[in-house]
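Thanks for coming. I will talk about how some helices pack in this model, and then about one helix that bends.

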Amino acid sequence: MEVALIFGHFDFYLGIPATIKSTIGWAKGWALLAVFILIGATLPIRPELIYRACCVICLHTLLLIPLFVIAAYTPIPGTIYISPLKAIGGPGPEFFEFQLYGINPESLGPRWRFFTPWAPAAGLLANFYLVFALKEKNIRWRWIGIVGSIVMVLMCQSRAGLVAMLFVSPAVFFISRLNSPALWLTGGVGLAGMAVIATQLMAFAESSIEEFKAARAGSSRVRAALARIALQRWRDEAPIWGHGVVERGPHLVEYMPIGSHHSWYGLLFVKGIVGFFALAIPMLVTFVLLIGKAQRCATSQAALCCILILFMFSFGENLEILAYLFWPALVLIGIAFRSDTIAKTVDPNQYEKS
């Protein structure tokens, strides 16, 4: 990532000061993805500590939700104050705001982002917290984490959050049992049955996608326009190393940065095909290795859930800018790769118990 960044700056003659500034941004974003995984892989951190800590965050969120709801339906302003730390610089003012609630531009109703810079980021974290809550051994804390994470997804109104919450855990349930003959037998029968209703399933999938886009039509339009601009400019102007820096988009995309709201388009525009593969290859290798580990390790199952969530949200978020929030998931992925992992063998009835 850093090599692509440097060459991109050199290609467009952006100068040494801009290169230094962008390198600091790289260190606060993309570098953290590797650093936190390295921390989990090298330090003796117990996964149970991460599970319990995230359940505690869910408890704090549940306790504050009445205040958030009351504030949204009273004259209390949504943004209480902006931290003076904004003076040192950052990606945007939303990272320094203390906000009780926000307004959905589509429905004009309240929408909550909790302690994240924007609402979909809360949906991302809630999915991680649900995964961790399902692994929590204490029943009381487990249910606090489950309820808290579900409420967060519903209140932040994140479409990707809802889809991931419904898809990831069931998918990992089956992926982690690839060595089970019963799974293959059931899957074969299921596929044969699905073939009979394939036309209806395809029609249902198409209608679901259209409803997904229509739920926030304005947002979908802006995201599609940002994607087209990023792809065209990457292909025509900087296919190898990218442009080096983020650029502000035109009025068509409400002046949002080109490549935002999408990790892959953002990488192509800023860091070119080199940056694209710098994320794609490690993510693919991690996914493949975790599939093998998940057949016998409960911690690896949770880590596999985390990498699937990251992959799904990479099509709607810029992952690097949120790494400071979802670092527990990165640490857990590192723990799953630790040679002396303390993870226990999978209990066949674990999911049923959860």
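Let me start with the crossing of helix 1 and helix 2, which is right-handed. A crossing is called right-handed if the near helix is turned clockwise from the far one by less than a right angle, and left-handed if anticlockwise. Helices here are DSSP runs of H or I with at least four residues, numbered from the N terminus.

Before going on, some ground rules. This is a predicted model, where local features need pLDDT of at least 70 and side-chain atom pairs count only at pLDDT 80 or more, while totals for chains, interfaces and linings use all residues. Residues are numbered from 1 along each chain as its sequence is written, and side-chain values use heavy atoms, with hydrogens and water left out.

Back to the first pair. Helix 1 covers residues 2-11 and helix 2 residues 16-28; their axes come within 10 Å and cross at roughly 155 degrees. Axes are lines fitted to C-alpha atoms, for helices over the stretch in contact, and angles run from 0 to 180 degrees between N-to-C directions. That makes helix 1 roughly antiparallel to helix 2, a label for angles over 145 degrees. From helix 1, E2, L5, I6 and H9 meet A18, T19, S22, T23 and W26 of helix 2, where contact means heavy atoms within 4.5 Å.

Next, helix 5 (residues 119-135) and helix 6 (residues 139-156). Their axes are 8 Å apart, at an angle of about 160 degrees. Helix 5 and helix 6 are therefore roughly antiparallel as well. Which hand does this crossing have, left or right? Helix 5 passes helix 6 in a left-handed crossing. Residues in this contact include A119, A122 and G123 from helix 5, and R142, G145 and I146 from helix 6.

The third pair is helix 3 (residues 30-42) with helix 13 (residues 327-336), whose axes come within 6 Å and cross at roughly 50 degrees. Helix 3 and helix 13 are therefore oblique to each other. This crossing is right-handed. Among the residues in contact are L32, L33 and F36 of helix 3 and W327, L330 and V331 of helix 13.

Last, the bent one. Helix 11 (residues 263-294) spans only 26 Å between its end C-alpha atoms, where a straight helix of 32 residues would span 46 Å at 1.5 Å a residue. Where is the kink in helix 11 centred? On K271, with a kink of about 135 degrees.

Terms used:
Angles under 35 degrees count as roughly parallel, over 145 as roughly antiparallel, 65 to 115 as roughly perpendicular and the rest as oblique. The expected span of a helix is 1.5 Å times one less than its number of residues. The bend at a residue is the angle between axes fitted to the seven residues ending there and the seven starting there.
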